[in-house]
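Thanks for making time, everyone. Please bring the model up on your screens, and I will walk you through it.

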Amino acid sequence: MKKLFIIANWKSNKTEHESIKWIQEFPISSRSAGQFPNNKEIIICPSFVYLPLLKSYILDHNLPIKLGTQNISKFDEGAYTGEINGKQIKDFADYVIIGHSERRQNFSESEETINKKIEQAKKYRLTPILCVQNPDFRISQKIEIIAYEPVFAIGTNYPDTPENASLVSAEIKKNSLSNHVVYGGSVTSKNVKEFTQKSNIDGVLVGNASLDPLEFFEIIKNA
Ligand code: PGA
């Protein structure tokens, strides 16, 4: 059975109260973990400020959930006001989303910046989840997980077709050293299976639909 990465990207959403409510209402428990075959890796990427809270909750309840972040500083520790670096992230998380199209667009992230962020993630043994819009990106390093996220599908309720997503994923695998390609863009519990049943697609990156704990649970169940 292939490994599936089911990743929640909360983006800039949720307060402290809403974050804890989400995890309390997420109907997974250490006991029910057996209901998912252990090929499904569940990763939640909240806002930085709620990582300690969620980490404690996950440890206290022994939940089969990993944490990730939505960004990482391109610099190592030091005099970089306002930045959160890889060494700090490693205290709380195992994964980091890098190069999301919202960061490329709104924060002018270049390929050079993205490469530096990947280097920082690797230095601190964080697994990068690199977001790309097509198979023609230029990253020279091996990336564990690449997310194919066409901009037209993000937050629009118009996902790419599973057929095209599968073709692009195959192309990405051919052009890169990556073993795992996930699809992101308007994934819901209704359409997730159409993507994950494609042999080239190794999971999903979910934005809007991950904000509701019950819907995200359905996505994991149906994947
Ligand atoms: P969406 O976002 O699921 O809301 O389309 C996906 C993403 O931006 O990662």
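I will take the barrel, then one strand, then the ligand, then two loops.

First, a caution. This is a predicted model.

Start with the overall sheet. Eight strands form a closed barrel. The order is S1-S2-S3-S4-S5-S6-S7-S8, and the pairing is parallel. Neighbouring strands in this sheet are turned against each other by 25 degrees on average, direction ignored. As general background, strands of a sheet pair through backbone hydrogen bonds, either parallel or antiparallel.

Where do S1 and S8 come in? Strand S1 covers residues 4–9, and strand S8 covers residues 203–206. These two pair in the parallel sense, over four bridges. Find Ile7 on your screen. Opposite Ile7, in S8, stands Leu205.

Now go to the other neighbour of S1. S1 and S2 are also a parallel pair, with six bridges. Here Asn9 stands opposite Cys45 in S2. Then S2 goes on to pair with strand S3, residues 66–69. That pairing is parallel too, over two bridges. Ile44 has Leu67 in S3 as its bridge partner.

Let's stay on S2. Is this strand mostly covered or mostly open? Strand S2 spans residues 40–45, and six of its six residues are buried. In a regular strand, side chains alternate between the two faces of the sheet. Look for that here. Lys40, Ile42 and Ile44 point one way from S2. Glu41, Ile43 and Cys45 point the other way. Both sets are buried.

Take Cys45 as the example. Cys45 sits in strand S2. Its relative accessible area is 0%, under the 20% cut-off, so Cys45 counts as buried. Cys45 and Ala93 are 48 residues apart along the chain. Their C-alpha atoms are separated by 8.8 Å.

Next, the ligand. Which residues come nearest? There are 13 residues around the ligand, and the nearest are Lys11, His100, Glu149, Gly155 and Ser186. The shell divides into four nonpolar, seven polar and two charged residues.

Three contacts to look at. One: a polar side-chain atom of Lys11 lies 2.7 Å from a ligand oxygen. Two: an N or O atom in the side chain of Glu149 is 2.8 Å from an oxygen atom of the ligand. Three: Ser186 uses a polar backbone atom, 2.8 Å from an oxygen atom of the ligand. How much of the ligand does the protein bury? Taken alone, the ligand exposes 280 Å², and the protein buries 98% of that.

Keep Ser186 in view. Ser186 lies in the loop between S7 and H7. Its phi is near 60 degrees, a positive value in a residue other than glycine. At 15% relative accessibility, Ser186 counts as buried.

Asn191 is in the loop between strand S7, 180–184, and helix H7, 192–196. The side chain of Asn191 reaches the backbone oxygen of Ser186 at 3.0 Å. Asn191 is buried as well, with a relative accessible area of 12%.

Last stop: Asn62. This residue is in the loop between helix H2, residues 51–60, and S3. Asn62 is not a glycine, yet its phi is positive, at about 55 degrees. Is Asn62 buried or exposed? Its relative accessibility is 56%, over the 50% cut-off, so Asn62 counts as exposed.

That is the tour.

Note on methods:
Residues are numbered from 1 along each chain as its sequence is written. This is a predicted model: local features need pLDDT of at least 70, side-chain atom pairs count only at pLDDT 80 or more; totals for chains, interfaces and linings use all residues. Side-chain values use heavy atoms; hydrogens and water are left out. Two strands pair if DSSP finds at least two bridges between them. Axes are lines fitted to C-alpha atoms, for helices over the stretch in contact, and angles run from 0 to 180 degrees between N-to-C directions. A residue is near a molecule or strand if one of its heavy atoms lies within 4 Å of it. A polar contact is a pair of N or O atoms within 3.5 Å; within protein, one must be able to donate a hydrogen and the other to accept it, and residues adjacent in sequence count only if both atoms are side-chain atoms. Accessible areas come from the Shrake-Rupley method with a 1.4 Å probe; for residues, only the protein chains shown count as cover. Ala, Val, Leu, Ile, Met, Phe, Trp, Tyr, Cys and Pro count as nonpolar, Asp, Glu, Lys and Arg as charged, and the others, Gly among them, as polar. Buried means under 20% relative accessible area, exposed over 50%, partly exposed in between (1.4 Å probe, protein chains only).
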